[in-house]
Amino acid sequence: MVAIGGNSLPGFVRPSLHQHSLSAPAFGSARFPAVISFGSRVILRAEVENKDSRAVIVNGLGKRECDCETEFDATLGNGHAVNSGPNLGVLSTVGNSTNIKWHDCSVGKLERQSLLKQKGCVVWITGLSGSGKSSVACALSQSLHRMGKLAYILDGDNVRHGLNRDLGFKAEDRAENIRRIGEVAKLFADAGVICIASLISPYRRDRDACRAILPDGYFIEVFMDISLEVCEARDSKGLYKLARAGKIKGFTGIDDPYELPLNCEIVLNGGSPCEMAEKVMSYLEENGFLQA
């Protein structure tokens, strides 16, 4: 087995040095390998044209082509990509991150959406604890799955088991919790996935900040308009009882506010989880998210 650029090519045994040949035409100060061959079999060919390289990898099962602005290490088995192209040296500072550079790829959001035959977006389900957010999210995911559509749920409790396990429920922690989930949801949407975020997200400014990082129309706010009385009567986790007893501080709806959405796309105020999920499905269908 031979590794090129960190990838192993099945069906090949690493030869001794005298068994391979390597030729590389010069391009500027970089060198691009034109042919790496083992015996009579060609493994990699890179052709330099208009300052781009085209790598063709043949592994016995077919070939893959890659258009990229990439420099390959001419050392056998150590192919790697480095910064190149017109934006080389253009670095940014974002927050506390310095000397960083955005890297683009020719496979973008439109290509991924075409592959999945759907449009990536974020369905943000917000409401009080016990309003049915997780149940609707699950019902929506099931409906999309039955249609052959790819969706993923970011549940508020689930995310706190891992990514946000370091956060509590103080106002600043809740804001950071929402910010992180918003950024992850944005990545899912960019991947072409219908991302269903299900969490209380009580503060309007935090929800609006998540909306702002997505293209217009791709953040779909779903408000679970279920009264505090109904949610408290359900109290499936027993949290309202603990909050009323003063054993939980800063509990949304009891001693911490829930700020109602002002311009949400969908309001759900009753019915079974499947019935409410169907309203969201209708919105997705009518607005073209279920086709590329």
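Here are some short exercises on the structure above, each with a worked solution.

This is a predicted model, in which local features need pLDDT of at least 70 and side-chain atom pairs count only at pLDDT 80 or more, while totals for chains, interfaces and linings use all residues. Residues are numbered from 1 along each chain as its sequence is written, and side-chain values use heavy atoms, with hydrogens and water left out.

**Exercise 1. A covered strand**

Find out how many residues of strand S12 (residues 121-126) are buried, and which way they point.

*Solution.* Start with the terms. Helices (H or I, at least four residues) and strands (E, at least two) are DSSP runs, numbered from the N terminus. Buried means under 20% relative accessible area, exposed over 50%, and partly exposed in between (1.4 Å probe, protein chains only).

Next, count: six of the six residues of S12 are buried. Then sort them by direction. Cys121, Val123 and Ile125 point one way, while Val122, Trp124 and Thr126 point the other way. In a regular strand the side chains alternate between the two faces of the sheet.

**Exercise 2. The neighbours of S12**

Work out which strands are joined to S12 by five bridges, and how they run.

*Solution.* Two strands pair if DSSP finds at least two bridges between them. One partner is strand S14 (residues 194-198), joined to S12 by five bridges and running parallel. Within S14, Ile194 is the bridge partner of Cys121. Strand S15 (residues 219-224) is also joined to S12 by five bridges, again in parallel. Here Ile220 stands opposite Val123.

**Exercise 3. Checking two helices**

Compare the expected span of helices H2 (133-146) and H4 (residues 171-190) with the distance between their end C-alpha atoms.

*Solution.* The expected span of a helix is 1.5 Å times one less than its number of residues. H2 has 14 residues and should span 20 Å; its end C-alpha atoms are 20 Å apart, which agrees. H4 has 20 residues and should span 28 Å; its end C-alpha atoms are 29 Å apart, which agrees.

Now look at what follows each helix. Gly148, just after H2, takes a positive phi of about 80°. Just after H4, Gly192 takes a positive phi of about 95°.

Last, see what covers them. The buried residues of H2 include Val136, Leu140 and Leu144, and they pack against S12, S13, S14, S15, S16 and H8. Among the buried residues of H4 are Asp173, Ile178 and Ile181. The cover over the buried residues of H4 includes S12, S14 and helix H5 (204-212).

**Exercise 4. The largest nonpolar core**

Which residues touch the most other members of the largest nonpolar core?

*Solution.* A nonpolar core is a set of buried Ala, Val, Leu, Ile, Met, Phe, Trp, Tyr and Cys residues joined through side-chain atoms within 4.5 Å. The largest one has 25 residues, and those touching the most other members are Val123, Leu140, Leu144, Ile220 and Leu284. The elements giving two or more residues to this core include S12, S15 and helix H8 (273-286). H8 makes the largest share, with six residues.

Zoom in on Leu284, taking contact as heavy atoms within 4.5 Å. Not counting residues up to four places away in sequence, Leu284 touches Cys121, Val123, Leu140, Leu144, Ile220, Phe289 and Leu290. Apart from the largest core lies another, of 14 residues, among them Val159, Ile178, Ile181 and Cys210.

**Exercise 5. Aromatic pairs**

Is the pair of Tyr152 and Phe188 stacked or edge-to-face?

*Solution.* Rings of Phe, Tyr and Trp (its six-membered ring) pair if their centres lie within 6.5 Å; planes under 30 degrees apart count as stacked, over 60 as edge-to-face and the rest as tilted. By this rule there are five aromatic pairs. The ring centres of Tyr152 and Phe188 are 5.0 Å apart and their planes stand at 10°, so the pair is stacked. Tyr152 lies in strand S13 and Phe188 in helix H4, so the pair ties together parts that are 36 residues apart in sequence. Tyr152 is partly exposed at 44% relative accessible area, and Phe188 is partly exposed at 24%.

For contrast, take Tyr240 and Phe251: their ring centres are 5.0 Å apart with planes at 80°, so this pair is edge-to-face. Tyr240 is buried at 1% relative accessibility, and Phe251 is buried at 10%.
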